[in-house]
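Reader: I am new to this structure and should like to examine it with you. Please explain the terms as they arise.

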Amino acid sequence: MKQRCLLGLIAVSMAVPALAGKMPIVLDDKPAFIERLVERMTLQEKVGQLRLISIGADMPRERLAEELAAGNIGGTFNSVTRRDNRPLQDAALRSRLQIPIFFAYDVVHGHRTIFPIGLGLASTWDMQAVATAGRVSAIEASADGLDMTFAPMVDIARDPRWGRTSEGFGEDPYLVSEIARTMVQAYQGESLREPDSLMASVKHFALYGAVEGGRDYNVVDMSSLRMHQDYLPPYRAAIDAGAGAVMVALNTINGVPASANRWLLRDLLRDDWGFSGVTISDHGTISELLRHGVAADGREAAKLAIEAGLDMSMADSLYGQHLAELVQAGDVPMQVVDQAVREVLGAKYDLGLFHDPYRRIGQASEDPPEVNAESRLHRQAARDVARQSLVLLENRNAVLPLEKTGTVALVGPLADSHIDMLGSWSAGGVATQTVTLRQAMQHALGDQGRLIHARGANITDDAQMVEYLNFLNWDNPEVVQDPRPADEMIAEAVAAAVQADVIVAAVGESRGMSHESSSRTTLQIPASQQALLRALKETGKPLVLVLMNGRPLNLGWAQANADAILETWFSGTEGGHAIADVLFGDYNPSGKLPISFPRSVGQIPTYYNHPRLGRPFVEGNPGNYTSQYFEEKNGPLYPFGYGLSYTKFSLSAPQLSRASLARGESLDVSVTLKNVGEHEGATVVQLYISDLSASVVRPVKQLKAFRKIRLAAGEQRQVGFRIDENDLKFFNAQLQQVAEAGAFEVQVGLDSQAVQTQRFELR
Ligand code: BGC
């Protein structure tokens, strides 16, 4: 292999002989190495580095080798095994300058082992669990020859109609930022150069979660204050944690598409935030500048994007077609292209690819004989994380946990669906390797109890919806309809229910319903499943809902009628076992919602940290001329931070170490958490701060700290938080980060609504 990768290898400080006749390139000085390389590149080779090719979609594999050998490609994505990637790297190393390519993929919540979707990971409120998901993903993906992941996805989502709500970590800037930082560190490991590290490409920069009406790809129009306060912090956190790459979003921001947005990509990202990595367009966004109507033709679109600071084009031919000519014509300065090339080469350098282009691809003799071998999965880690991601929303009369000796009727279209366990963006996950709820419950019951299974309903009976959901995958449709009439399926489920002690109904969305471009106008469980639930309710048997879905749903009926509700999102390879662990009490649920659940679609947005109003609605004191919807109860059905346990916790009022805080000082908040129930369990103590008077309108409260605590039955613990001036800072009208003197309120609780408060002053 050595002779095929001359630029790197052997010794870090050696001179690279590839460029005979010129000054040798020394590898151990990154800036000098990159500078010397750029000097030797032709314009065509430079443009080549700026092209990220989607395997299959952009170019057939046969042509790829030719283009790689000509130095026309900087990286690829969607080629996902060492065996597939090796010949591509071989071809790249046949190019004149032997510059290696990198291999990227959407490793969003797992690679071969699939962890819960983003909302599920966020529901753990446990950074150790989040780190496990990220680290295992990096280990598995790098072992498949991958260098970069298009993750973490940290778009704040406050409109659950948006299908990509599922991918992100919810509505709160602080929680999402904590997860963003943890994910980047977990993917990238100690050093990006390690063979089991993946470069994180944080996405979608920026504000993609705020698309108008929750309709995908729609416009974003937002004040600077809101951007800085609510939507930008998670990207910043990822970048401060060292994310090597940034993916540029598909949306416009205040009239300018992100991919042509110089303010976004130069002023904010580079100048203010000091980002020094590579920017990558989202799929085809440079061409979309034409459809946005800000570029008259492809040439202008390429010019706008490169000048705005978009280094690499993904699945887009315009850089390849126009950049060289734009430079030759003097319409784009060579320095602009050179700088973009430096960023791409810098990423490859950081990934260790110049040192060894086969760093993650390895030797053919060491390729796994079977990429999907069971031995390559991390099932225990997936089960541990998935158990923590489940949120218990209701549990009347302690119907849960269930006895393992009884008879359970398991119904619903999601009870035995392998594919849906994976959730969207399931990377190299294989549906048949997932454990369904049916399999897991059967396993847990063994021969002590009895499980009667009936499907009961299809996901939906709406043929058009099924057609949409199967659109991308006609050969292997994801939503497979049971051809029996709905009545017959319901009758079978009811017959199962009447023989049972309890009904467990696995209902919600198919995974495609919460995905890119899957925006919805309603948050209802589809009608076919609602009809099933109503019929089950009539049997009078205890009804436990196991929800699988990728967004907050409208759970009004469920709340009024179900005995227990367990929100499980899409919980991954070991999801079935994790859910069964909770249903049968082998694990006490500890998840908390990372996003508010509205009562109806008309109430959106329902986020907890709303700016203060002049005429706020006050619960229990309705009346005209307050900010409310008059025909239904106001406020969320389930608030941010909410989630029950099989045990009960009590929390004391917060004690403050001082009532007045000077700059430079800190203040300690302490509360006593006690497990007053009968089971060991974990909960999340949440600390919110409310700024009572400031120069701009502030949110009613903001999460500032949280701690997940596990206690034995009867155990109590003092939980401490430290606050200083930094926790009180916000963006003022001039967009300066300041902490203004005045009164603040500390609020501590086990969710965002049921809080106890104390006041203090900042002097
Ligand atoms: C998505 C990105 C994704 C890219 C590559 C786009 O459609 O918006 O999130 O990383 O495709 O698969």
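Author: By the grid rule, the count comes to three cavities of 30 Å³ or more. This is a predicted model, in which local features need pLDDT of at least 70 and side-chain atom pairs count only at pLDDT 80 or more, whereas totals for chains, interfaces and linings use all residues. Residues are numbered from 1 along each chain as its sequence is written, and side-chain values use heavy atoms, with hydrogens and water left out.

Reader: What makes a space a cavity?

Author: On a 1 Å grid over the protein atoms alone, a cavity is a set of points where a 1.4 Å probe fits but cannot get out; its lining residues have an atom within 4 Å of a point. The volume is the space filled by probe spheres set on the points, which are joined across faces, edges and corners. For the largest cavity that volume is about 90 Å³.

Reader: Which residues line the largest cavity, and how are they classed?

Author: Among them are Met 41, Glu 45, Leu 68 and Arg 96. The lining has seven nonpolar, three polar and two charged residues. Here Ala, Val, Leu, Ile, Met, Phe, Trp, Tyr, Cys and Pro count as nonpolar, Asp, Glu, Lys and Arg as charged, and the others, Gly among them, as polar.

Reader: What is the volume of the second largest cavity, and which strand gives the most to its lining?

Author: The second largest cavity has a volume of about 60 Å³. Strand S23 gives the most to its lining, with three residues. Strands S23 (681–691) and S24 (702–711) each supply at least two residues; strands (E, at least two residues) and helices (H or I, at least four) are DSSP runs, numbered from the N terminus.

Reader: Which residues are closest to the ligand?

Author: The closest are Asp 106, Arg 164, His 204, Asp 282 and Glu 516, and 13 residues surround the ligand. A residue belongs to this shell if one of its heavy atoms lies within 4 Å of the ligand.

Reader: How do you know that Arg 164 makes a polar contact with the ligand?

Author: A polar contact is a pair of N or O atoms within 3.5 Å; within protein, one must be able to donate a hydrogen and the other to accept it, and residues adjacent in sequence count only if both atoms are side-chain atoms. A polar side-chain atom of Arg 164 lies 2.7 Å from an oxygen atom of the ligand, and therefore the pair qualifies. For Lys 203 the corresponding distance is 2.9 Å.

Reader: Why is His 355 called buried?

Author: Buried means under 20% relative accessible area, exposed over 50%, and partly exposed in between (1.4 Å probe, protein chains only). His 355 has 8%, so it is buried. His 355 lies in the loop between helix H14 (334–350) and helix H15 (379–388), and its side chain makes a polar contact with that of Arg 193 (3.5 Å).

Reader: What is notable about the phi of Trp 125?

Author: Most residues other than glycine have a negative phi. Phi of Trp 125 is near 50°, a positive value in a residue other than glycine. Trp 125 is found in the loop between helix H5 (118–123) and helix H6 (127–142), and its relative accessible area of 2% is under 20%, so Trp 125 is buried.

Reader: Which residues does a cis peptide bond join?

Author: Ala 151 and Pro 152 are joined by a cis peptide bond, with omega about 0°. The bond from Phe 205 to Ala 206 is also cis, with omega near 5°.

Terms used
1 Å grid on protein atoms, 1.4 Å probe; cavity = no way out; pocket = protein on both sides within 12 Å on 5 of 7 lines; lining within 4 Å.
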